[in-house]
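The exercises below are meant to be worked with the sequence and the model side by side. Try each task before reading its solution.

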Amino acid sequence: MDITPSYYLVLGAMLFTIGAVGLLVRRNALVMFMCVELMLNAVNLTFVTFADALDDIGGQVIVFFTLVVAAAEVAVGLALIVAIFRRRQGVTADDVHLLEG
Amino acid sequence: MEAVLFFACAAMALAGAAGVVLSRKPFHSALFLLLTMVNMSVFFLMQHAALVAAIQIVVYASAIIVLFLFVITLLGVDQRESLDETLRWQRSLAVGLGALLAVEVVALGGREWATGARSVRGELDPPRTGNVEALARSLFTDFIWAFEVTAVLLVIAVVGGVVLARRSRLPVDRTPAEGS
């Protein structure tokens, strides 16, 4: 049985969907963050799949940049969560509504 | 052999992803995320991207997950998540739209429609070389501007993290939010 790029693309699509649903359903800011990481990873898989399928190094370079952006995002995001937790004991997203209109 | 490896790792990656969403405790979510990340690097290896697989392990599995676990243990946020809804139909709507999204992206990726021009940014190295040379050549020629900007981005992120996590001298608002 031959594993074609479609297998990887479908797997990436499923992982992305799980991450998106988790982001919408969960309330805990940390878990929402992990779901974002999951979505980023699913897209990375798609990039690497296309790099391999189309014999193009560009996909792998983009994955490199995605990893850097993810690292920067986690550094800032976790600092934000720590700052929020210091002020109001809990990181449930629904409790943070200071910008509510 | 390749099929067996693919399906075994795909099952583990999907189980890890489901575990991230379904776990009650954030600590368990982080460990399930680690499972997904490691399996993802196996997929990268299977597709001749050894360098990307190594970076995936070093950056994601080590740095990011450890940072998550560090923050979780530091804050001790293993408390139960409140299940009362502020927006009533939000959860069911999210699951419905998620199912729709799943059908769409699986249909798009599963067909042979998804294709493009070959070797626009340069060809891959021959198999079993890990594409280190090809990646470096592309990174330091075509993408050199993006690469330099990335350095600035990382510095800004580090400075931002330090500023945000610093203990401020403002009086702390300990009043719990209403509804919790």
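**Exercise 1. How many residues of chain A are in contact with how many residues of chain B?**

Before counting, note that this is a predicted model, in which local features need pLDDT of at least 70 and side-chain atom pairs count only at pLDDT 80 or more, while totals for chains, interfaces and linings use all residues. Residues are numbered from 1 along each chain as its sequence is written, and chains are lettered from A and ligands numbered from 1 in the order in which they are written.

Step 1. Two residues are in contact if their C-beta atoms, placed from the backbone, lie within 7 Å; on this criterion, 70 residues of chain A meet 78 residues of chain B.

Step 2. On the side of chain A that touches chain B, α1, α2 and α3 each supply at least two residues, helices here being DSSP runs (H or I, at least four residues) numbered from the N terminus. The most is given by α3(A), with 24 residues.

Step 3. Sorted by class, this side of chain A has 46 nonpolar, 13 polar and 11 charged residues, where Ala, Val, Leu, Ile, Met, Phe, Trp, Tyr, Cys and Pro count as nonpolar, Asp, Glu, Lys and Arg as charged, and the others, Gly among them, as polar.

**Exercise 2. Determine which elements supply the largest nonpolar core, and where this core lies with respect to the domains of chain B.**

Step 1. A nonpolar core is a set of buried Ala, Val, Leu, Ile, Met, Phe, Trp, Tyr and Cys residues joined through C-beta atoms within 7 Å; a residue is buried if 20 or more other C-beta atoms lie within 10 Å of its own, exposed if 12 or fewer, and partly exposed in between. The largest such core has 65 residues, of which L15(A), L30(A), M34(A), L38(A) and L33(B) touch the most other members.

Step 2. At least two residues of this core come from each of α1 (5-25), α2 and α3 of chain A and from each of α1 (2-22), α2, α3 and α5 (132-140) of chain B. The largest share, 13 residues, belongs to α2(A).

Step 3. The core lies between domain 1 (1-78) and domain 2 (131-167) of chain B, because both give residues to it; these bounds come from an automatic or database domain assignment. The C-alpha centres of the two domains of chain B are 23 Å apart.

Step 4. Beyond its neighbours within four places in sequence, L33(B) is in contact with M34(A), E37(A) and L38(A), and also with G16(B), V20(B) and I65(B).

**Exercise 3. Describe α2(A) and the residue with positive phi that follows it.**

Step 1. The 25 residues of α2(A) reach 36 Å from first C-alpha to last, close to the 36 Å expected at 1.5 Å a residue, the expected span being 1.5 Å times one less than the number of residues.

Step 2. Because 19 of its 25 residues are buried, α2(A) is largely enclosed by the rest of the structure.

Step 3. In the loop between α2 (29-53) and α3 (58-88) of chain A is D55(A), whose phi is near 55°. With 14 C-beta neighbours inside 10 Å, D55(A) counts as partly exposed.

**Exercise 4. Is H48(B) buried or exposed?**

Step 1. H48(B) is placed in the loop between α2 (26-46) and α3 (50-75) of chain B, and its phi is near 60°, a positive value in a residue other than glycine.

Step 2. H48(B) is buried, because 21 other C-beta atoms lie within 10 Å.
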